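This report concerns the charged side chains of one protein chain and the overall form of that chain. The sequence and structure are shown first.

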Amino acid sequence: MNIYKTYINGEWIGKEHNYDILNPNTLTVLGKVPCLGVEEIDKAFTAADEAFNSWKKTSLSFRISLMEKWVVELSKAKLEIATMMNNEIAKSLKDALSEVNRTIDYIKYTIEEMKRIQPKVYNGKAWGVENKYAIFNRVPLGVVLAISPFNYPINLSVAKIAPALIAGNTVVFKSSTQGTISAILMSKTIEKAGFPKGVFNMVTGRGRDIGDSLISNPHIKMISFTGSTEIGKTIASKNSMKPLVLEMGGKDPAIVLEDADLKSAAIKIAKGAFSFNGQRCTAVKRVLVSDKIADALITELLEIISNYKVGYATDENNFITPLISQGSANFVSDLIKDAKEQGAKVLIGNKFVRNLAWPTLIDNVTKNMKIYYEEPFGPVLPIIRFSTIKEAISIANDSSYGLQASVFTTNINKAMDIAHKIESGSVNINSAPQRGPDHLPFLGIKDSGFGVQGIADSIDSMTTLKGIVINYDENN
Ligand code: NAP
């Protein structure tokens, strides 16, 4: 069994006290990672703070040269990392490889985006003021604390680390417990790229054990968090006056109108709902369908879902793979049980073997059921029927979440009208919700978050404006 080390101030740090990372496929121990204490965590922040003094002064071309080396190292390690993800979070090898490839493109695009950021010059002649010019530049903030979730341990981590580093910040990175080993392998590629010591640091330990020491560290100048609404709110409540970007949970609706292309809608909704077992923030988490076409849409969905192969992620034929933990499977099972008891009809699925959950479609879901409001983060899709568009919009907005939404229709006027009225960060017309392509702004409102990610927007959130105002005397 491998015992991994973590990377602080240019050194790989081990501990006597380690904790187990389970393989969700087998529920056996995959490896051990260090359980850091307050002292090591403080060391990571102090190193990052000290490194910031020189890193912020480096030229953009120097930082770009290191980012380009990182791309090379990440490309070399992609199969090793993807294979680890296959074992550590039960993501299919194909999807894991695609995540790493997407991340490589993310870094390349980040380099390009940073090149486009130039100071703005203002002519200060206004309101009786004369002889003044102002130059406003974007400058780095300092130490960025990056906290990422288990479902995209590489992409969602690098989506914070890359914009932070290119802009001249230093980083303390905390990955989710499930995903730590994959993230350690990714961190090795940063080390190999040759970033100066202290510029990038990774801390390990369970969030519930080390969260408070992380959030309260005085060196932090910005926090970028992606994860559940519950933890995001905890972080926000403990954070004092530090810029914060929170990307949190969702309950994305897919609204299907009676004029929609049903076959196409069903294909996109099924993929949107069941890819990576529904463990995606932007998974379709409820279908709102016109009662005139609900039965026809259900027939299409059932045909797709009944063909899904279910089993270990190590078998590439399987589309539905084990959930991240037994606790997640129990949560999904309880939601289905509650819906059934309240009168919903389970059309397919509701089968569990340990943490493997079969894809489940539930019809006639109503307000009195937990699944109407809760984010299951599992392969279960509730169907809610509506009779008018007004009712569909009202159901869509009857949620504490506001990440994304979809509208399926062939009528662009209706699509635009609904899109404007839905309370969410974005609305996809005739596509499932999705994060990306990665350069698009990505955000949630309500309990889904605040602040914006996306490459340019992430750089924005990790820098601040600094103005230099030139006053001159024209008589000299
Ligand atoms: P999570 O349980 O909230 O964990 C997210 C991260 O926070 C992990 O690194 C976790 O570490 C850490 N953490 C836990 N407690 C903490 C504390 N007290 N202080 C500081 N950090 C703490 O979320 P998850 O289960 O990994 O991911 C699933 C959730 O993320 C879903 O709700 C999903 O919708 C959301 N998500 C949102 C987006 C988006 O962009 N909007 C994208 C992906 C996922 P440990 O693992 O060690 O606990």
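## Salt bridges and overall form

Lys-115 and Glu-112 both belong to helix H4 and lie three residues apart, about one turn of the helix. Helices (H or I, at least four residues) and strands (E, at least two) are DSSP runs, numbered from the N terminus. The model is a predicted one, in which local features need pLDDT of at least 70 and side-chain atom pairs count only at pLDDT 80 or more, while totals for chains, interfaces and linings use all residues. Residues are numbered from 1 along each chain as its sequence is written, and side-chain values use heavy atoms, with hydrogens and water left out.

Side chains of opposite charge can pair when their charged atoms come close. A salt bridge is defined here as a side-chain nitrogen of Lys or Arg within 4 Å of a carboxyl oxygen of Asp or Glu. By this rule the count comes to 21 salt bridges. Three of the pairs are listed below.

| Pair | Closest N to O distance |
|---|---|
| Lys-115 and Glu-112 | 3.2 Å |
| Lys-292 and Glu-258 | 3.5 Å |
| Lys-367 and Asp-398 | 2.7 Å |

The pair of Lys-367 and Asp-398 links distant parts of the chain, 31 residues apart: Lys-367 is in the loop between strand S18 (360–363) and helix H12 (370–373), and Asp-398 is in the loop between helix H13 (389–397) and strand S20 (401–402). In addition, Arg-102, Arg-435 and Asp-438 are linked in a network of salt bridges.

Accessibility is classed as buried (under 20% relative accessible area), exposed (over 50%) or partly exposed (in between), with a 1.4 Å probe and protein chains only. Lys-115 is partly exposed at 40%, as is Glu-112 at 35%. Lys-292 is exposed at 57%, whereas its partner Glu-258 is partly exposed at 45%. Asp-398 is partly exposed at 22%.

Helix H4 (residues 93–115) also holds Ser-98, a partly exposed residue with a relative accessible area of 42%. The C-alpha atoms of Ser-98 and Lys-78, 20 residues apart along the chain, are separated by 9.5 Å.

The chain as a whole has 15 helices and 25 strands. Its radius of gyration is 24 Å, close to the 23 Å that the globule rule gives for 476 residues, so the chain is as compact as a globular protein of that length. This radius is taken over C-alpha atoms, and the globule rule is 2.2 Å times the number of residues to the power 0.38. Buried residues make up 54% of the 476 residues.
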